[in-house]
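Please walk me through this structure. Start at one residue on the outside and work toward the middle.

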Amino acid sequence: MTNRILAKRELAPQITLLEVEAPRIQKRWKAGQFIIIRPLAGSERIPLTIVDSSAERQSITMVIQAIGKTTKEAVAMEPGQALCDLVGPLGEPATINTGQEVVCMAGGVGVAELLPVAKAFHEAGSRVTALCGARSDSYRILDEELMGVADVLQWATDDGTYGFAGNVVQLLLSIAGPGTFTEGHVIGPIPMMKAAAEATRGWGLKLHASVNPVMIDGTGMCGGCRVTVGEEVKFACVDGPEFDAHLVDFDELTRRNRAYREMEQEALKHDCHIGLG
Ligand code: FES
């Protein structure tokens, strides 16, 4: 059976890891790429970053935060069941350069999405400092896996129950300044990515942001995932999801995601399948 769930693990409250049989995607994916899944026939489609894979088990791994109707449907599924649809790998791989002094920053479930990128930088011979944020100690995820690929791993928790008390950007500012890092990757909530971009403007740091607009078809046809990057209009599903963080219009991204959220409320009444999670 294709798309069969092989394993399921709760990483933290509302955050679940699913390992799914996907031999063709497993062979082709690269760090930073994503898939679109539809858990059940009546579900919406949602984009999820590919977190890991196993050639031996012909599988890929995804991490899902159960916050909306579809994500809750996905995490309610059990090993042995199969996802209705699974399409990928989609998007462009992350920019991975060798011999760099790299800072990888993530917040919330973005920590799972950061793991393959940090691993790819590590394997390319760059030195990786991973700065990860969580609401609280009990919400930290994939700590052991990150330790295996990062030269330095530091956590920030909002309530100070583990590591630095504060957010990831405050943690960054407490340990680094202009010239500390040459390259970076940030993924997580939009305000966090925007703050990371603002904080590092003028540092000489090439910072890549993996953005998360609403996606509908994932093929560049619908225009749903439009992002303004500098003077250009891009589509996150085919041109991204990674863009130069210092050029992304995060305010527009916030407005667009908010507008779609209102539409989702309407769509739910009419059984329209757009992917908001
Ligand atoms: S999701 Fe439709 S253009 Fe990107």
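Pro178 counts as exposed because just 10 other C-beta atoms lie within 10 Å of its own. The cut-offs are these: a residue is exposed with 12 or fewer other C-beta atoms within 10 Å, buried with 20 or more, and partly exposed in between, the C-beta atoms being placed from the backbone. This is a predicted model, where local features need pLDDT of at least 70, side-chain atom pairs count only at pLDDT 80 or more, and totals for chains, interfaces and linings use all residues. Residues are numbered from 1 along each chain as its sequence is written.

Pro178 sits in the loop between α5 (168-175) and β12 (183-187). Helices (H or I, at least four residues) and strands (E, at least two) are DSSP runs, numbered from the N terminus. Leaving out residues up to four places away in sequence, Pro178 touches Gly202, Trp203 and Gly204. Contact here means that two C-beta atoms, placed from the backbone, lie within 7 Å. Cys84 is far along the chain from Pro178: 94 residues apart in sequence, and 48 Å apart in space, C-alpha to C-alpha.

Now take the chain as a whole. Its domain assignment gives domain 1 (5-90) and domain 2 (101-256). Such bounds come from an automatic or database domain assignment. The C-alpha centres of the two domains lie 21 Å apart. Across the boundary, 17 residues of domain 1 are in contact with 19 residues of domain 2. On the domain 1 side, β1 (5-12), β3, β4, β6 (59-65) and β7 each supply at least two of the touching residues. By class, that side has 13 nonpolar, three polar and one charged residues. Ala, Val, Leu, Ile, Met, Phe, Trp, Tyr, Cys and Pro count as nonpolar, Asp, Glu, Lys and Arg as charged, and the others, Gly among them, as polar.

Next come the sheets. One is an open sheet of four strands, in the order β1-β2-β6-β5, with antiparallel pairing. Two strands pair if DSSP finds at least two bridges between them. The edge strands are β1 and β5, and each pairs on one side only. From one strand to the next, the twist averages 25 degrees. The axes behind this angle are lines fitted to C-alpha atoms, for helices over the stretch in contact, and angles run from 0 to 180 degrees between N-to-C directions. Three bridges join β5 and β6 in the antiparallel sense. Here Ser53 stands opposite Ile60 in β6.

Another open sheet has three strands, in the order β4-β3-β7, again with antiparallel pairing. Its edge strands are β4 and β7 (85-90), each pairing on one side only. Strand β3 (residues 34-38) runs antiparallel to β4 and is joined to it by four bridges. Phe34 faces Thr49 of β4 across the pair, and Ile36 stands opposite Pro47. Is strand β4 covered on one side or on both? Both faces are covered: Ile46 and Leu48 on one side, and Pro47 and Thr49 on the other, are all buried.

What lies at the centre? In soluble globular proteins, nonpolar side chains tend to be buried together. The largest nonpolar core here has 83 residues, of which Ile35, Met62, Cys104, Ala118 and Ala196 touch the most other members. Helix α3 (residues 110-123) gives the most to this core, with eight residues. The core draws at least three residues from each of domain 1 and domain 2. A nonpolar core is a set of buried Ala, Val, Leu, Ile, Met, Phe, Trp, Tyr and Cys residues joined through C-beta atoms within 7 Å. Ile35 shows the packing. Beyond its neighbours within four places in sequence, Ile35 is in contact with residues including Ile25, Leu48, Ile50, Met62 and Pro89.

Last, look at the backbone. Most residues other than glycine have a negative phi, and most peptide bonds are trans. Pro89 lies in strand β7, and the peptide bond from Gly88 to Pro89 is cis, with omega near 0 degrees. The bond from Gly240 to Pro241 is also cis, with omega near 15 degrees. Pro241 lies in the loop between β15 (232-235) and β16 (242-244). Asn3, in the segment before β1, has a positive phi of about 65 degrees although it is not a glycine. Gln58 has a positive phi of about 55 degrees and is placed in the loop between β5 (52-54) and β6. Gln58 is partly exposed, because 15 other C-beta atoms lie within 10 Å.
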